[in-house]
Structure formats: C-alpha cells, structure tokens
Amino acid sequence: MQSVRGVWADVLETDTASTPADISFLSLGGDSVLAVRMAALIRKRLGVNLALSDVRVEHTAAHLAALLHERGTAGGLPRSLSLDLQRRKDPDAPFPLLPLQQGYFVGQQDAWELSYRSAHHYVDIGLEDIDNEEIAEALQDALERLAEHQSVLRARILPDGRQRILPLDDPAAMPRLRVTDLSTAGEEEIATALAEIRREMSTEGPDPAAGCGLDMRLTLLPGNRARLHSSTSLLIIDGWSSGVFYRDLFALVSDYNAVLAPLEVDFGDYVTSLRDLPDTEEWREDRDWWWNRLDDFPLPPALPLVADPADVRPTLMGTRQAVLDAGRWAALRAHCAEHGVTPSAAMFAVFSAAVARACGHRRFLLNTLQLNRLPLHPDVPRLVGAFSSTMLMPVELPENPVFSDLAISAQQAVSDALAHHLVSGVEVSRELGRRRGTRRPVAPVVFQSTLGVDAALGSEVPHEAGPLGRIDLLSHHQQLRTPQVALEIRLFELRGELVIVFSLVEELFAAEDVDRMFQDVVSTVESLVEKEAWSAPVTLPSTWDAPQSDTVGTAPGGRLSVPSAQEVSVEEPGPPRDDLELAVAAEWAEMLECAVTDRASDFFALGGDSLLAVRMLGVLARRGVGRVTPRRFLERPTVAGLADAVRDGGPAAAG
C-alpha cells in the first residue's frame, strides 16, 4: 500500500500524505495520460507488469495495492500481460509498422478516400531575444545529437510497408536545418515569405518513405526575433512524442555539453516486442470484447455534406481554433475533479453533444486517438515514436440529460474501452468494414485529446532555450493532414491555456455548418467554467439513430453517416483463365498463405488488408506483371478485376 502511494505521489508531484488510500487516482488529479507513467513506475519499482486496464483512473490506492498483490510475480501468479521488451539483435534490420502507422502509410499511396501524399503535422512558433550568431549552429548540433539519442528520427519506411533505422554513419541519417534570413527585410517581404514557407511545409510534408520524416526550418526576423518551423511525419512522431521531442531538443540547444539520460531501448525494440501480442490470452480477450459488440455499433454521425468524399482530392485540411485562458481553464478542470471525470472525458461529452446537434440524432460512432503506450519498460514514456492508436467509441446520448451525467457517462465508456486497448482501433475498423461490406472509412469523425501530457512528462516546454531566446508557444501557427478523416477535434494545452482546434476537409462541408458546430463546442466549453452549467439540461435532438435513407454520394444533400458497400461487378467464377490471372492468383496464394483457385475470389475476403494490398501491388510491379494504383484495385479487388486493371493500363492503372 505504501509503495503504491509513493508512486502516486511522485507521478502527481506531491507527497505521500496527500495520496490517501481511499481516494481515487482521478480525484487526486490523475488522468489516463498520467496512468501510463504510473504503470511504468510500478513496473520499475515493484517489478509487476500491469496493463493500463489495471490502473483505471477510478481506482483507489487500496484497490491498486490489492491488484498488485494478486498480479505480483513473487508468488508465481500470472502477470496481466506476459510481454517483455527486449533489445533487437540487429538494430539495422527492418521491423513492422504499428497498425496506425499502416493506416498512414496506405493513405499516402492514394489508396483510400481523403488521402494525402504525406500525413503530417506542421507548426511554427515565435522566438524572441535570439542569439543571431549562435542559433543556427546550436539548432543543427542539437538536431544531430537528438537523432543519435532518439533513433526513430533516422527512420525510413520501405516500399513493402516495413520500417528501419538508418545507421549513424549513413549520410542521409541526420535531419538538416534550413535557414531563411529575413533579419533586414520589410514587413511585406516577411509576410510573403512566411506565407510561402507555411504553404510549402503544410502541403508538401516530410515523407519517411522518401527521406527524413522531420523538416525543420528557421526564419530569422528583425529585432532578434525568429520563427521556428517544424513539420513532422505522423509515421514517426505522435502527440506524446512531440512533447518529448521539443523538451529534449531545447535541452540540447541550451547547452552544447548537455547529455540526455540514456535510453536502454528504442521504438524498434518496442514494435518488435509486440509481434507476440496476438498470441497472448489478454489480446484474444480484448479482441473478443470488441468483436462481440461490432454488430451493434451505430453508423458515423450523419453530418450534412456538399460533396462525396470519394470525389474529393484535398491538399490541405481547414482549421478553426479557439483558446480558453489559463484562469478559466483551471476553474473548468476543478469542476471536472469535483464530478469525478477527467478533462478529456468532459471534452468528449462536449464534442458528442455538438455532433448530435449538428447531425440531428443522438446515436453514432466516433473515432478517438489514444496515446497508447504499453508500459513494457520504464523508458517507454521517454521514447519518440508513432505509438498512438485509434479507438472506436459508440455514442448513445440520453434525450434529456444534464451535462454532468453526460460527462460521467463518457468517463465510464472511455474507461471501459481503454480497458480493452490491446486490440487497436485500426484492427477493429477493418473488421467492422468487413462485416459491413465496405472499404470506405467507417469512422471519419475523430476526437483527439492530449490534455495532461505536460503533467505526465513532468514539465512543460521550457520558456527559454539558450541561443533560441524566449520561446513563445502562444504565438503559433499549425496545420494537420491525416488520411481518412473528414473532421477532427484536437484539444491540447499551451502555457496553461486550453486550445480547441477543428481540422477538417473543407471541400466536404458548408462553411456555415462547420462554423456553427465549432462555435457550439466553444460556447459549451466556456459555459462549463461556471458550476451551474454542469447541472443544466443539455438540449439534444429527439431522433435516436441516423435516418436509414441517408446515403453517401448524393451531394448536395448527402450525409456522412452511411459507409455504403463497394459497388463491384460480379465476376464470373471459375479457375483463372490465362497467364495473367494465374500470376495474380499465385501471388495472392503466397502472400495470404491460402489456396486461390477462383478468379472471382475477393482479396479482402481471403484475409487481405490494406497494407497487404499495397505490398502485393508493389510485388506485381517489381516482377513485371503490371502496375495498378491501390485506388483502382479497390474498385474490383478480385483476381479477374486486378488482371483486367493491368490489361487496361493507361492513366487509371499506371503506378
């Protein structure tokens, strides 16, 4: 018991006296993000490996102590997750992509609706009182030392959908800083140059399949000012990793002699260690938990569209942004604690209610992005990498709730889902699409919260960093491009303030609909600063489910909610008819490890997925069979259909 309270005290940055045994982790200020750090510390200090489902934020120290006694290894009892993180024997060897990385990689092949050539996040921030003579050299030196420390910054994605780390002596391994000197330029020239840099870095993001996954630039401005521009591939860096990256980078910039605490493992070790996860009983239990619920999952929210997602070719996601100041955000967080919910759960309830009002019904499916790091080693929270995963969340709102009830219900639903997080949302989405007979995105409306990351990392991004001078995070500009997403809300903290961002495919929605929905979210968040709003009734639609008559693809007037089945032609069954169909069938048989004797066989029905499809098309191209784009293949994913696509050639089939 005392050991658990000691861990809690360290994680919550307080003393043991302030962590009584009968008060929940949540009520003491903890959340699901801090739970990752807590689980890692428990493993390090107490030698017990816990899954995150074992450290639910609603639990008290007494409950967790009893669980530790049950799960402890001293008596020979089984642990909750029988995986250990081990160093790879060959650090230069390729290793797999995690499920969400696979989704981003496939999205970059123009394989799905709402695809982009690169999935990445761009941001630039203000710097004041810089050292003009030292800043560029200090930044480049820090980038190289950080790439040596965090090996994933040297990652490359291979054509077959695996990844590898370039060795330190590879000439292409290190990120390179690019500097634009506008220190003597006028205001108009500066505005034009900054707009062009932002346009380029937002629309032409780094792609680790072609080069470095990090593009960092520095623009020097008059008056010892600068802008630090950073574009990071979502294939190598997630939200938590961004916090680690900037803390490490600024520490190295501040001091040429700084040495970061060594890492015993890297991202490749973590990913490789997960290969055996599907063989564990815990993974199978989580799979069954999700699979048993899938047939009852609702459709996505029936948001009104002005275009069919299949017809849109976006280059940049639109943005809406608002800020809640530090004082009001602190008051809102205090109300969350009083009601026993995390700020993220409260924000999920806010977003769900706004979505319901926008789509006109109370039952729908949302996607969420989770900072999913299994506590397999104490160094896992300190690693940079693309650890994140998605998690599908069915939303079923009552007709006449008060807000506190919505928040408490959201907290319970999220906690239940997180307790079965070993199976990723990408895997769940694939199975849901298979059951619904569609390869359209099944959950294109996304909720993402990184609230609490600063607390979990133990500090916020520093205010100063040597030659970089003062770091003004509140002076920032950002853009996001993420495939298969129509609309995403992102919530994060900067210098104690709450930042609310909508990222969306503007071509899909009427601007006034988006503005109305965003203002709905912001207004509700602002109202929750006052205690009375938590007990106030929430106005919601009377309709329960999306109207069954609504379909995608009838814009204007279409709806987002129905991921309709692919309209594929019915092939005439029978054995392959010629050498080309035989070659396709043979490749499928080898890749899918099953007999392929029918030319009407569907690749996905045989067990294929999007990553295997991209890999298979690449193999056929390299062997000289023919080149077909993933998008074209998805139109007729059969042996006969692929053979016809190869024969057709031309712009539609050329790779």
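**Note on salt bridges, helices and aromatic pairs**

1. The structure holds 41 salt bridges, and a reader new to it should keep in mind that the model is predicted. Side chains of opposite charge can pair when their charged atoms come close. The points below take up some of these pairs before turning to helices and rings.

2. One salt bridge joins Arg-284 to Glu-281, with 3.2 Å between the closest N and O atoms. Both residues belong to helix α9, where they stand 3 residues apart, about one turn of the helix. An α-helix has 3.6 residues a turn, so residues three or four places apart point the same way. Arg-284 is partly exposed at a relative accessible area of 29%, and Glu-281 is likewise partly exposed, at 41%.

3. In a further salt bridge, the side chains of Asp-379 and Arg-382 meet at 3.0 Å, N to O. Asp-379 counts as buried because its relative accessibility is 8%, which falls under the 20% limit, whereas Arg-382, at 29%, counts as partly exposed.

4. Glu-581 and Arg-599 also form a salt bridge, their closest N and O atoms lying 2.8 Å apart. Glu-581 sits in helix α16 (residues 579-592) and Arg-599 in the loop between α16 and α17 (610-622), so the pair ties together parts that are 18 residues apart in sequence. Are these two residues buried or exposed? Both Glu-581 and Arg-599 are buried. Separately, salt bridges with shared partners join Glu-571, Asp-578, Arg-636, Asp-644 and Arg-647 into one network.

5. Thr-638 is placed in the loop between α18 (630-635) and α19 (639-648), and it is buried, with a relative accessible area of 7%. A polar atom of the Thr-638 side chain lies 2.8 Å from the backbone nitrogen of Gly-641. If neighbours within four places in sequence are left aside, Thr-638 is in contact with Glu-571, Trp-588, Arg-599, Ala-600, Ser-601 and Asp-602; Arg-599 is thus a contact of Thr-638 as well as the salt-bridge partner of Glu-581.

6. Helix α12 (residues 403-418) has 16 residues and reaches 22 Å from its first C-alpha to its last, close to the 22 Å expected at 1.5 Å a residue. Its buried residues are Phe-403, Ser-404, Leu-406, Ala-407, Ala-410, Gln-411, Val-414, Ser-415 and Ala-417. These residues cover an arc of only 160° around the axis, which puts them on the same side of α12. What do the buried residues of α12 pack against? They pack against α9 (281-294), α11 (343-359) and β10 (389-396).

7. Helix α1 (residues 2-11) is mostly covered, as 7 of its 10 residues are buried. Among the buried residues of α1 are Val-4, Val-7, Trp-8 and Val-11, as well as Arg-5. Glu-13, which follows α1, has a positive phi, near 55°.

8. The count of aromatic pairs comes to 17. The rings of Phe-245 and Tyr-246 have centres 5.0 Å apart and planes at 80°, so this pair is edge-to-face. Phe-245, at 1% relative accessibility, counts as buried, and Tyr-246 counts as buried at 13%. Phe-604 and Phe-633 form a tilted pair, with 6.3 Å centre to centre and 40° between the planes. This pair links distant parts of the chain, with Phe-604 in the loop between α16 and α17 and Phe-633 in helix α18, 29 residues apart; both Phe-604 and Phe-633 are buried. Finally, Phe-348, Phe-351, Phe-447, Phe-502 and Phe-518 form one aromatic cluster.

Conventions
Residues are numbered from 1 along each chain as its sequence is written. This is a predicted model: local features need pLDDT of at least 70, side-chain atom pairs count only at pLDDT 80 or more; totals for chains, interfaces and linings use all residues. Side-chain values use heavy atoms; hydrogens and water are left out. Helices (H or I, at least four residues) and strands (E, at least two) are DSSP runs, numbered from the N terminus. The expected span of a helix is 1.5 Å times one less than its number of residues. Buried means under 20% relative accessible area, exposed over 50%, partly exposed in between (1.4 Å probe, protein chains only). The arc is that of the directions from the helix axis to the C-beta atoms. Contact means heavy atoms within 4.5 Å. A salt bridge is a side-chain nitrogen of Lys or Arg within 4 Å of a carboxyl oxygen of Asp or Glu. A polar contact is a pair of N or O atoms within 3.5 Å; within protein, one must be able to donate a hydrogen and the other to accept it, and residues adjacent in sequence count only if both atoms are side-chain atoms. Rings of Phe, Tyr and Trp (its six-membered ring) pair if their centres lie within 6.5 Å; planes under 30 degrees apart count as stacked, over 60 as edge-to-face and the rest as tilted.
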